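Welcome, and please get your viewer ready. We will go from one selection to the next and look at what each one holds.

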Amino acid sequence: MIPPGGSRATPWPPEALAAHVAQAVRQIAVHYGLWLAEAAHQFGPETAVAMESRVGDAYLPLLTRRIERALGLGEDVQTLLAGLGTERLEALLDALSVSWLAADGVWFREVEDARGMHDAKRVNDSCWSRLGYYEAVRARATLGLPERGGLAALKAAFGARLVSRVNAWDIVEETDDSFVFRIVRCRVQFSRTRQGLPPYPCISGGTVEYTAFAAGIDPDIRVACVSCPPEITREDCACAWRFSLAR
């Protein structure tokens, strides 16, 4: 499609068009994220996430319908994806999950190289605090979890996170009002060990991430670090966190 008043003397070859399609996806993602980040800055994370829920519900059908018309698809995008079958969809979701984490790592490295570890951790922790709350709200919507669903809702929500497909994890029951969540094998820390690097000191990031995630499920859930670099108290996992109900 050529914009009104515009023209192209020579049509782009398929290779150039394909590259432009990839850039269009990238720009959509960046612009969408900028709106969410600025809304969070102006109105607070909780209000911004509530806005995003409505925006996403309105925007995704518009996006998929336009893709369906543009490509002349006989079925809607979600039906076509479902037709891939369980095995291929599992592989696709795993690929997307690992790619999401890779984007996080590339951003961290860029900020660290440009501004140093202090600023990289500062940006990292801020992002994870907002992402944790966002993921919790989306998990509640996706899984149909109740508000203030307590520890049962939190346990269910863990499995809906992208990171749950990247790291090996489990839940160790303690009492009726508490459990310990363990990352048994952390992809980031495993990679650092393989490269001969010391563990990444992620206790500050983990604290804000899990606190925000728990708050998005039930504000009465409390979080305490059991073990996490650099405060390692147990060797059976990469990190461990205790969740308890305050009411």
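## First stop: Q189 and its surroundings

Select Q189, which is buried, with a relative accessible area of 10%. Bear in mind from here on that you are looking at a predicted model. Q189 belongs to helix α7, which covers residues 187–194. Now show its contacts: leaving out residues up to four places away in sequence, Q189 touches P199, Y200, C202 and P229.

Let P229 lead you onward. P229 is joined to P230 by a cis peptide bond, with omega at about 5°. P230 itself lies in the loop between β3 and β4.

## The sheet

Next, colour the strands. They make an open sheet of 4 strands in the order β1-β2-β4-β3, with antiparallel pairing. At the edges you will find β1 and β3, each of which pairs on one side only. Look along the sheet to see the twist, which averages 25° from one strand to the next.

Stay with β2 for a moment. How many of the residues of β2 are buried? The count is 6 of its 8 residues, so this strand is mostly covered.

Follow β2 to its two partners:

- β1 runs antiparallel to β2, and 7 bridges join the two. With 2 residues between them, β1 and β2 form a hairpin. To see the pairing, select A168 and look across to R185 in β2, which stands opposite. Another pair to pick out is I171 and its bridge partner in β2, F181.
- β4 is also antiparallel to β2, with 6 bridges joining them. Here, select R182 and find A240 of β4 opposite.

## Helix α6 and what covers it

Now select residues 150–158, which make up helix α6. Its buried residues are G150, L151, A153, L154, A157 and F158. Turn the view so that you look down the helix axis: the buried residues of α6 fall within an arc of 160°, so they line one face of the helix.

What covers the buried residues of α6? Bring up the covering elements one at a time. Among the helices are α5 (117–143) and α8 (203–217). Among the strands are β1 (168–175), β2 (178–185), β3 (221–227) and β4 (239–245).

Zoom in on F158 from this helix. Leaving aside neighbours within four places in sequence, F158 is in contact with S164, W169, I171, F179, F181, Y210, F213 and F243. You have already met two of these contacts, I171 and F181, as bridge partners.

## The nonpolar cores

F158 also opens the way to the largest nonpolar core, which has 22 residues. Which residues have the most contacts inside this core? They are L154, F158 and F243. The elements that give two or more residues to it are α5, α6, β2, α8 and β4. There is a second, separate core of 5 residues, and you can start on it by selecting W100, L101, V163 and V166, which are included in it.

## A loop residue before α6

Step to R148, in the loop between α5 and α6. Check its backbone: phi of R148 is near 55°, a positive value in a residue other than glycine. Is R148 buried, partly exposed or exposed? At 45% relative accessibility, R148 counts as partly exposed, because that class runs between 20% and 50%.

## Helices α1 and α2

For the next view, select helix α1, residues 14–43, together with α2. Two packed helices are described by the angle between their axes and the distance between the axes. For α1 and α2, the angle is about 145° and the axes are 7 Å apart. Their crossing is right-handed.

Show the side chains where they meet. From α1, the contact is made by I28, Y32, L36, A39, A40 and F43. From α2, it is made by P45, T47, A48, M51, E52, V55, G56 and Y59.

## Last stop: T64

Finish by moving along α2 (residues 45–71) to T64, which has its place in this helix. T64 is partly exposed, with a relative accessible area of 25%. Draw a distance from its C-alpha to that of Q78: the two residues are 14 residues apart in sequence and 8.5 Å apart in space.

Conventions: Residues are numbered from 1 along each chain as its sequence is written. This is a predicted model: local features need pLDDT of at least 70, side-chain atom pairs count only at pLDDT 80 or more; totals for chains, interfaces and linings use all residues. Side-chain values use heavy atoms; hydrogens and water are left out. Buried means under 20% relative accessible area, exposed over 50%, partly exposed in between (1.4 Å probe, protein chains only). The arc is that of the directions from the helix axis to the C-beta atoms. Contact means heavy atoms within 4.5 Å. Two strands pair if DSSP finds at least two bridges between them. A nonpolar core is a set of buried Ala, Val, Leu, Ile, Met, Phe, Trp, Tyr and Cys residues joined through side-chain atoms within 4.5 Å. Axes are lines fitted to C-alpha atoms, for helices over the stretch in contact, and angles run from 0 to 180 degrees between N-to-C directions. A crossing is left-handed if the near helix is turned anticlockwise from the far one by less than a right angle, and right-handed if clockwise.
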